[in-house]
Structures are given as structure tokens and as C-alpha cells.
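Got your viewer open and a selection box ready? Here is a walk through the model, one stop after another.

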Amino acid sequence: MKINCFIPFQSSEQVKNTIASLKESTLVNKIYLLTDNGCKDRIEDCEIIDIDSLRSSVTIKKIAEKADVEYTLIYTKQADLRLGMFALDRLIQIAKDSNAGLVYADHYQVIGNEKKNSPVIAYQKGSLRDDFNFGSVLIYKTEELKKAVSKMDKEYKFAGIYDLRLKVSQERDLVHINEYLYTEVENDTRKSGEKVFDYVDPKNREVQIEMEFACTEHLKKIGGYLAPQFKEVEFDQSDFEYEASVIIPVRNRIRTIADAIRSVLKQKTNFKFNLIVVDNYSTDGTTEAIDQFATDERLVHIIPQNKELGIGGCWNAGVHNSKCGKFAIQLDSDDVYSDENTLQKIVDAFYEQNCAMVVGSYMLTDFDMNMIPPGIIDHKEWTPENGRNNALRINGLGAPRAFYTPVLREIKVPNTSYGEDYALGLYFSREYQIGRIYDVLYLCRRWDDNSDASLDIVKMNAHNTYKDRIRTWELEARIALNKSK
């Protein structure tokens, strides 16, 4: 078995250590240097290929043309790569034994002067995020790579490598090897909470449009695509005392809960609303802070009997309370509504857009509510025509979120403290239109106590695995729905 290797090339100095590491293996047949800067440095036993970018369809097709041995290695970073002893032998062995279309492995990362473990997660049917972390060493079975490239009928500037792995996954498994087989240098040292909004940064909009198209075509190919046809919502249930309820699950948010409550109680509406705060056994004074507002009859302060509730479970306690209104509207205990018109806009949107769920837009702020980058998050990728398909690719749906209570009571919220809102969005969108409001309705405060401000790799992998599972379940349900039609 032999491997052809394709690595980014900026200068001979930049690639020398990576090339030396690759050449230590007898499996390496040829090394190709991919350059987008016209560099013509000559490297012994290496061939230079001019490309526009590593992630374009044109580049993937050039790689396929040169791929003439059993396996093809694509390295996606410009920093030094150091392979472990017999790492390529192990990668190829697993690739052969599993008949995988692609194999990838756990690895080490060098950040500054520190070497850290960097485990990745198993790929599954719902792993449709274009930012799924495979690490930087991708080994394709060449036959499957070429087959996938032969199906590429659209030229992408940014989504070529994404399109490649989607097409390979249609025929073969993408296999994770949970062994540490190489070391890469990591240059993106931002905290997890700073990376989470990359895909909605306005400067990445052109990239996201391409990714959406590639994912939508993939869904059509595997039977998971849903056409823009939705159930009508009948808002004729009149056994609600309140038209709307804001629901705030909270545990130990003494610094922010009063701000959140005030932003609700100052709302101006032409309908009757209340606020249900589900206090999940706070121990830091949050309970007493909530009680300071007890003189306002609109406040319903719940301490649930069940002590095993996550955020989703607290939502269920609020939604199934007899005081819950016809529409249940989200507010996190860290955050505030942008002005006194938020509730009115949300309820109006339900009726105007005939939807069972509404999602607004929000602005990222610091603790003192000053805007921070990337600023306004409007989730414009959620279009009426294709939003529910694109939702399987992205990692969130926006905020604030609001639900038609009869449907939410039927579905129920997963009893987790991460991803429960995303699961609901996918479930609702399978049958119902999700309404959108592009006005900024919500100030999302980012601070050190946010649940996703700075996650370690184990926690981040657990979160990503769960969201991929949510996508897998939803995708399987949609495929079954299409087959039943």
C-alpha cells in the first residue's frame, strides 16, 4: 500500500519539517506541494501544484488527478506536522480493515510551548457541520476520492473539501481512530466561547452560502431534504389565562437574574403576559433576588419538586405549569431583552407568519452590555425556503426563541443543559414553519460564567457529539418521513 501526500506550501522553510516527517515512512509514494502564492522554491522529490485555495473544488480536482496510488493524504495546515512512529502504517491498516472512505485520528497539539492531547469525535450520519473537526491529517481511499470528485458538478471557492467528504460519506464510512498518531501546531488559541459564533460572522456569509448549498444537495441525495411545505397552525385554543409567558430557568445567577426579570416586567403589550422563573435550587442568593419582585403578580416563582432537572427539565416545569400562556418565550438568566417591545413583536410574528416557533435576532455584548464582535447575530441563513434543511448543518438557531405552547407541551423539551433548544428547533421545523424576526430583540451577555465561555476539549467534544446525535436522530426521522410519502 502506498500514499500520495498533498500539503500546503508557502516556502521551503515552512514545509521542511513536515516533509522530513513524511519521508520517514516507506509508505509515502510522492509528496505534492499545494501553493496559492506562486512560490517556485524547488524541493527535492516533491512536485508543486498551483492552486487558488486549499478548500476549493478546483484544488480537490487537481488532487484527484494526481492521486494514482491506493491512499491519498491531505494535510490541511501550514504549520509543522510530526507523525508518530509507524503512524501512517496504523492509519492505512485501519483504513484497509474498515474499508473506510476516510480515516482520521486523535492527535497532539502544540500551543505555545505546551503539548496537549487533542482527541476528536466519531463521525456519524448527523455530523453535517462544515466545521466538524477531523484534525489536520485526512487519509482518503483514493478510489472513493475519485468517485466523489466525479460527482462534483458545482465549483466551490470555499466548500470543495466539505463537498468532498459529504460525497465520500454517501458511499463509505468516515472512521475515527481513537489513538494519538501525530502532532500538529495549533495557531487558533481563542477560547471556545469566542469560536462558537464564527459561522454567523457577517464576513463569512459568502462561505456559508456555499456550505448551505453543498449540504442541501447532500440531503437531497440521501433522502433527508424537506421541501418548503408546512402544516398550518390553528391558534384557536382559548383555555389560556395569559397570551404569553416568558420562561427563565435559573441556577446561581445572583449577578444577572434581577436584570433579566426587570427586562421582562417592563414589556409593553396589548395582551396579558406573565413571567415564570424556574429556580433550580440556587444556593448563592438568587432565590432571594427573585423574591424581591414578588409584589408583582405577573411573577410566578417555581422551585420544582424534581431535583434532577437540567435547563430543559426546568423548561418543562414552566411550560406544563397551569399559569403558562399560549406562547412560551425564552430568556436566559444571563441576558436581557433589548427594549420594551420584544414580547409584542414575537407574539405578532406567530400570527403574521403562521408558525409554531419564532426565532429573533440578538446582539453579543460584554457583561456591561457593550457590543462585542461579531456584534449582531441575525441567522439570515434561516430562510423560509431552506431554513429547516440548513438547520442540520449549523450549530444553533438564534435567540430569543418562542414556542406555541400546545405543540411544545406535546413534544416536550429534552432534559439537558446543552442543545435542548437546538433539538426543539429541528423537531418543530420538521413539520412547521419557523418564524423569523430580524430586529435585535435580545442582548446576549458573554462573560466568564457563561456555560460555554471556556470549555475544555473533553466537554466540547461531549457537546458536539450530543448535537451530532440530535442531527442524526432528526435526519433519520426525515428520511423515514420522505419514504412514507
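Start by selecting Phe235. Keep in mind that you're looking at a predicted model. Phe235 is buried, at a relative accessible area of 16%; that value falls under the 20% cut-off, so the label fits.

**Stop 1: the aromatic rings**

Before adding partners, some context: searching the whole structure turns up 19 aromatic pairs. Now add Phe350 to your selection. Phe235 and Phe350 make an edge-to-face pair, with 6.5 Å from centre to centre and 80 degrees between the planes. This contact links distant parts of the chain: Phe235 is in the loop between α7 (205-222) and β10 (244-250), Phe350 is in helix α11 (residues 342-353), and 115 residues separate them. How accessible is Phe350? Its relative accessibility is 0%, so Phe350 counts as buried.

Next, pick Tyr351. Phe235 pairs with Tyr351 too, again edge-to-face, at 4.9 Å centre to centre and with 65 degrees between the planes. Because Phe235 lies in the loop between α7 and β10 while Tyr351 belongs to helix α11, the pair ties together parts 116 residues apart in sequence. Is Tyr351 buried or partly exposed? Tyr351 is partly exposed, with a relative accessible area of 37%.

To see the whole group, show Phe235, Phe327, Phe350, Tyr351 and Tyr404 as sticks: they form one aromatic cluster.

**Stop 2: charges over rings**

Move to Tyr225 and bring up Lys220. The charged end of Lys220 sits over the Tyr225 ring, 5.0 Å from the ring centre. For another example, select Tyr427 with Arg430: here Arg430 lies over the face of Tyr427, and the distance to the ring centre is 4.5 Å.

**Stop 3: two helices crossing**

Switch to cartoon and colour helix α2 (residues 57-66) and helix α4 (residues 142-150). They pack with their axes 10 Å apart, at an angle of about 135 degrees. That angle makes α2 oblique to α4. Which way does α2 pass α4? The crossing is left-handed.

**Stop 4: a contact across the sequence**

Select Ile111, which you'll find in strand β6 (residues 102-111). With 25% relative accessibility, Ile111 counts as partly exposed. Then add Glu184 and draw a C-alpha to C-alpha distance: Ile111 and Glu184 are 9.1 Å apart in space, with their positions 73 residues apart in sequence.

**Stop 5: the cysteines**

How many disulfides does a search of the whole structure find? The count is 0. Take Cys5 as a case: Cys5 is in no disulfide, and the nearest cysteine sulfur, belonging to Cys46, is 9.4 Å away. A disulfide needs the two sulfur atoms within 2.5 Å, so a separation like that doesn't qualify. Cys5 has 0% relative accessibility and therefore counts as buried.

Jump to Cys444, which is also in no disulfide; the nearest cysteine sulfur there is that of Cys314, 19 Å away. Cys444 is buried as well, with a relative accessible area of 10%.

**Stop 6: backbone oddities**

Turn the side chains off for this one and show the backbone. Zoom to Pro373 and Pro374: the peptide bond from Pro373 to Pro374 is cis, with omega near 0 degrees. Pro374 itself lies in strand β16 (residues 371-377). Then go to Ala399 and Pro400, which are joined by a cis peptide bond with omega about -5 degrees. Pro400 sits in the loop between α12 (387-390) and β17 (401-404).

Now check some phi angles. Asn252 is not a glycine, yet its phi is positive, about 55 degrees. You'll find Asn252 in the loop between β10 and α8 (257-265), and at 24% relative accessibility Asn252 counts as partly exposed.

The last selection is Met369. What is the sign of phi at Met369? Met369 has a positive phi of about 70 degrees, although it is not a glycine. Look for Met369 in the loop between β15 (357-365) and β16. Its relative accessibility is 29%, so Met369 counts as partly exposed.

Conventions
Residues are numbered from 1 along each chain as its sequence is written. Side-chain values use heavy atoms; hydrogens and water are left out. Rings of Phe, Tyr and Trp (its six-membered ring) pair if their centres lie within 6.5 Å; planes under 30 degrees apart count as stacked, over 60 as edge-to-face and the rest as tilted. Helices (H or I, at least four residues) and strands (E, at least two) are DSSP runs, numbered from the N terminus. Buried means under 20% relative accessible area, exposed over 50%, partly exposed in between (1.4 Å probe, protein chains only). A charge sits over a ring if NZ of Lys or CZ of Arg is within 6 Å of the ring centre and within 35 degrees of the ring normal. Axes are lines fitted to C-alpha atoms, for helices over the stretch in contact, and angles run from 0 to 180 degrees between N-to-C directions. Angles under 35 degrees count as roughly parallel, over 145 as roughly antiparallel, 65 to 115 as roughly perpendicular and the rest as oblique. A crossing is left-handed if the near helix is turned anticlockwise from the far one by less than a right angle, and right-handed if clockwise.
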